[in-house]
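I opened this entry to look up the ligand site first, then the overall fold, then a few single positions.

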Amino acid sequence: MSRPTDVVVSRVLCVTPNPAVDVTYRVGSWAPGASHRVRDVLERPGGKGVNVARVLRVLGVPAVVVAPLGGPGGDWLAAELRAGGHAVRAVPVAAATRRTVTVVDDTGAATAFNEPGRALSEDEWSAFVAAVAEELGDAVALVVSGSLPAGAPSDLLPRLVAAARDAGVPAVADTSGPALLTVAGAGPALVKPNAHELAEALPGDDGVSGAAGRLLALGAERVVVSLGADGLLGVDGSGGSGESAVWRVAGVPGVAGNPTGAGDATVAALVRGLVAGTPWPEALTDAAALGAAAVLAAAAGEVDLAAYERFLPTLHAERVE
Ligand SMILES: O=P(O)(O)OC[C@@]1(O)O[C@H](CO)[C@@H](O)[C@@H]1O
């Protein structure tokens, strides 16, 4: 199988409207209502777009993180990313950057508590959109990933997708809630919800492929639904006579670890494939292999590259509808 690893690309813009200091607590076991001693604490720059940039860097694809950052956490996040060699366009804001806490126990179960993120002012959002528009001049793709903080303008993501279109740059979005529907309506090249996010945003009894088809009908050109241990589903409009085509890549059997950030690795692979013009079934397979390899890495934004190399030849995309 040909792989998109040798392709030289310019920068991918990894826009993170709601960045976070990701805190991972390792404990033996835990229970609600009890008090626990944390065995060790891991802090990483986080937020989904930040993780996408970190995975792209591991893959050798240049990326720049654009994020509103405030308070000591925001300063730390930018400094940490820069120390790791990442390009960062920080938009200074008054509100302190949020934290997320993931508790990982000895069974490997990961329980996440994501703070909502503090509100930004109207001027701060305008500065954020202007920064993205400016950085688009130098970009080959736009990725917008993660939740939006409370009070974010409802047209924020459509504005970013429209700015990307004006710059001739494909847009990929990974978000949840009502923002998933509004961003799909803006016509991005690809959206990547997970199955839970999809069911929450588009409840119904037409299954994962049916709900993904509704995101296509809203305007997304392609939809990839990550299914955790069960792999992923890719849907586009190439089925002929206006019908959608549904592809499935099964999960890698027996992969256990920390799934936080696996979806971000999947997005990183998909955007790399999009930029490189990788055929859709191969791009889906690549994304499933990298997502599974992320589960074996200690923290979100990291991947086990040796596992990725092992997994890739074992997977294939199958047309199921
Ligand atoms: O609250 P959101 O924006 O939906 O997700 C945030 C987050 O949980 O997602 C990443 C894993 O995908 C973590 O690094 C990060 O903090």
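**Ligand site**

How far does a polar side-chain atom of Asp22 lie from an oxygen atom of the ligand? I read 2.2 Å for that pair. I keep in mind that this is a predicted model.

I then looked at two further side chains. An N or O atom in the side chain of Lys48 is 2.9 Å from an oxygen atom of the ligand. For Ser147, I find a side-chain N or O atom 2.8 Å from a ligand oxygen. Next I checked cover. On its own the ligand has 400 Å² of accessible area, and the protein covers 90% of that.

Which elements give two or more residues to the shell around the ligand? I noted strand 2 (20-26), helix 1 (48-58) and strand 6 (98-104). There are 14 residues around the ligand. The ones that come nearest are Asp22, Lys48, Asn51, Ser147 and Asp264. I sorted the shell by residue class as well. Eight of its residues are polar, four are charged and two are nonpolar.

**Whole chain**

I stepped back to the fold. I count ten helices and 14 strands in the chain. The radius of gyration is 19 Å, and the globule rule gives 20 Å for 321 residues, so the chain is as compact as a globular protein of that length. Along the principal axes, the C-alpha trace spans about 55 × 45 × 40 Å.

How much of the chain is buried? Buried residues make up 51% of the 321. I also looked at contacts with a sequence separation of 6 or more. Of these, 67% join residues 24 or more positions apart. The exposed surface comes to about 13200 Å². Carbon and sulfur atoms supply 53% of that surface.

**Helix 1**

I returned to helix 1, since it had come up at the ligand. Eight of its eleven residues are buried, so the rest of the structure largely encloses helix 1. I listed the buried ones: Gly49, Val50, Asn51, Val52, Ala53, Arg54, Val55 and Leu56. Asn51 is thus on two of my lists, as it is also among the residues that come nearest to the ligand. After helix 1 comes Gly60, and its phi is positive, near 85°.

I picked Leu56 for a closer look. Leu56 sits in helix 1. Is Leu56 buried or exposed? Its relative accessible area is 0%, and the cut-off for buried is under 20%, so I class Leu56 as buried. Leaving out residues up to four places away in sequence, Leu56 touches Val12, Cys14, Val61, Ala63, Ala268 and Val271. I took one distance too. Leu56 and Asp230 are 174 residues apart in sequence, and their C-alpha atoms are 23 Å apart.

**Ala289**

My last stop was Ala289. Where is Ala289 placed? I find Ala289 in helix 9, residues 280-295. Ala289 has a relative accessible area of 0% and is buried. Which residues does Ala289 touch, not counting those up to four places away in sequence? I wrote down Tyr308, Phe311, Leu312 and Leu315. I then set Ala289 against Ala94. The two are 195 residues apart in sequence and 40 Å apart in space, C-alpha to C-alpha.

Definitions and conventions. Residues numbered from 1 in each chain as written. Predicted model: local features only at pLDDT ≥ 70, side-chain atom pairs only at ≥ 80, totals over all residues. Heavy atoms only, no water. Near = heavy atom within 4 Å. Polar contact = N/O pair within 3.5 Å; in protein donor to acceptor, adjacent residues only side chain to side chain. Areas by Shrake-Rupley, 256 points an atom, 1.4 Å probe, with all protein chains shown as cover. Helix = DSSP H or I, 4+ residues; strand = E, 2+ residues; numbered from the N terminus. Nonpolar A, V, L, I, M, F, W, Y, C, P; charged D, E, K, R; others polar. Rg over C-alpha atoms; globule rule 2.2 N^0.38 Å. Buried < 20%, exposed > 50% of the residue type's maximum accessible area, 1.4 Å probe, protein only. Contact = heavy atoms within 4.5 Å.
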